[in-house]
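Hello,

Here is the structure I promised to pass on. Please open it and keep it beside this email while you read.

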Amino acid sequence: IRHLFSRATHYQFGVVNLLIAFFVYFILACWAAGSAVASGLVVPMLFTGALYGRIVGVATYQIAVAATNGTIDDQIFGTNGESAAFSWIDPGVFALVGAASFFGGVSRLTMSLTVIMLEISGELHFLLPIMTSIMVAKWIADKATHSLYHSLLELKCIPFLDHTIGSHTPLDSHTVEEIMTKPLVVVHETCTVGELKKVLEGHKHGGFPVIEEGEGEGGKQVFKGVILRTHILQILRNVDKPGILPEGDAAPHNYLEYEELTSLDFYSNETEEGILSGVEMPSVPDTATVDLRAYVNRSALAVQQHFSLERAYVLFRGLGLRYLTVVDSHNQPVGILTRKDLIGHFVEHRVEHFKGNLLQPLQEMEEMEGGGHKEGEGDANEVHSPLYRQSKAAAGGELDERSDAV
């Protein structure tokens, strides 16, 4: 890289050599960046950008030589070793600007990258071309795709939420009900050891909504909060310490301290398997009752099912949420929203699926009644049918009387 940035070295590298190095190194650098090898990204980006910058510089110099019939050599490489007329055609400067532009286009860094390039080169008087190349590269790259680091997050399946959702679907016209995950897996405030094991073995979720069962048959399930998977595992691991409540026994608990409860925040699969299999768990019957009320996070956020999807996206980004419980008007949990549900292609897929489910009963009804309508009656029935209007409004149809449909 130092040789590529060197000044007054017009004939140090040929165009053919630079092109071969560029294509070979660029392909290998792309392959290494997507592997598990800790090969780094900064030096490959600087080297790749310096190569194509040097190529442009050498090509520009050769064009100028050809245009002046070869007299440029005497002007640049005179007795003093200083350039006269074509001093700006220096491939080293082109390599510096090319490295800055490639680095900026890949990483989307701006001010910090400008400072880095000035520190590397020590050429403070090239501040303007370096800044210009970085900004132009960033603008062009933003129009094409996201940054390399964002791609690495997707490669590792990390649900990163950008400042704008990568979807063509406008979020302000949709609700969380359309993309939430259901049916919901819940945990009761008071349940048995066997029920907790069954929930953990059957589902790999990181947390579960906690409900309180209403009295009598058909009682409403009221949302009370959220409990983490690691906290349930720790409770099962020390199930004899907080106290097992036999049926009808209201003995006071000796609750787990917060430090003990959170000691399993980082655990291995072997630890979970040992707890669920009973190896790392006290010998208690599966019918023993455990009271979870002391360990429920009652500050967990919940939104109603008609809550704006755009507002939910802002909540996830602003508060760093991992999941958001969705409830109905009676505070009964009906679904859950996670960060993965808000990834661009997931949003589009689920919204389209929700529209199809809404319009399917309507289409079946129209097919059943279609034979009895005369020509022209179908449009009138469509306008006056509440089911049709409500379904069309939810599916994004343009209706003049949208307020009635809502």
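Start with helix α10 (residues 229–237) and helix α12 (residues 269–277), which pack at an angle of about 45 degrees in this predicted model. Their axes are 10 Å apart. Angles of 35 to 65 degrees fall outside the parallel and perpendicular classes, so α10 and α12 are oblique to each other. The crossing of α10 past α12 is left-handed.

Which residues make the contact? From α10 come R229, L233, L236 and R237. From α12 come T271, E272, I275 and L276. Sorted by class, this contact has four nonpolar, one polar and three charged residues.

Now stay with α12. Its residues T271, E272, G274, I275 and L276 are buried. What covers them? The cover includes α10 and also α9 (193–202). So T271, E272, I275 and L276 are buried, and they also touch α10. Just after α12 comes G278. Its phi is positive, near 95 degrees.

Next, look at a second pair: helix α3 (residues 42–67) and helix α5 (residues 91–107). They pack at an angle of about 135 degrees, and their axes are 6 Å apart. That angle makes α3 oblique to α5. Is their crossing left-handed or right-handed? The crossing of α3 and α5 is right-handed. By class, their contact has 14 nonpolar, eight polar and one charged residues.

Find both pairs on screen and trace them yourself.

Best wishes

Definitions and conventions. Residues are numbered from 1 along each chain as its sequence is written. This is a predicted model: local features need pLDDT of at least 70, side-chain atom pairs count only at pLDDT 80 or more; totals for chains, interfaces and linings use all residues. Side-chain values use heavy atoms; hydrogens and water are left out. Axes are lines fitted to C-alpha atoms, for helices over the stretch in contact, and angles run from 0 to 180 degrees between N-to-C directions. Helices (H or I, at least four residues) and strands (E, at least two) are DSSP runs, numbered from the N terminus. Angles under 35 degrees count as roughly parallel, over 145 as roughly antiparallel, 65 to 115 as roughly perpendicular and the rest as oblique. A crossing is left-handed if the near helix is turned anticlockwise from the far one by less than a right angle, and right-handed if clockwise. Contact means heavy atoms within 4.5 Å. Ala, Val, Leu, Ile, Met, Phe, Trp, Tyr, Cys and Pro count as nonpolar, Asp, Glu, Lys and Arg as charged, and the others, Gly among them, as polar. Buried means under 20% relative accessible area, exposed over 50%, partly exposed in between (1.4 Å probe, protein chains only).
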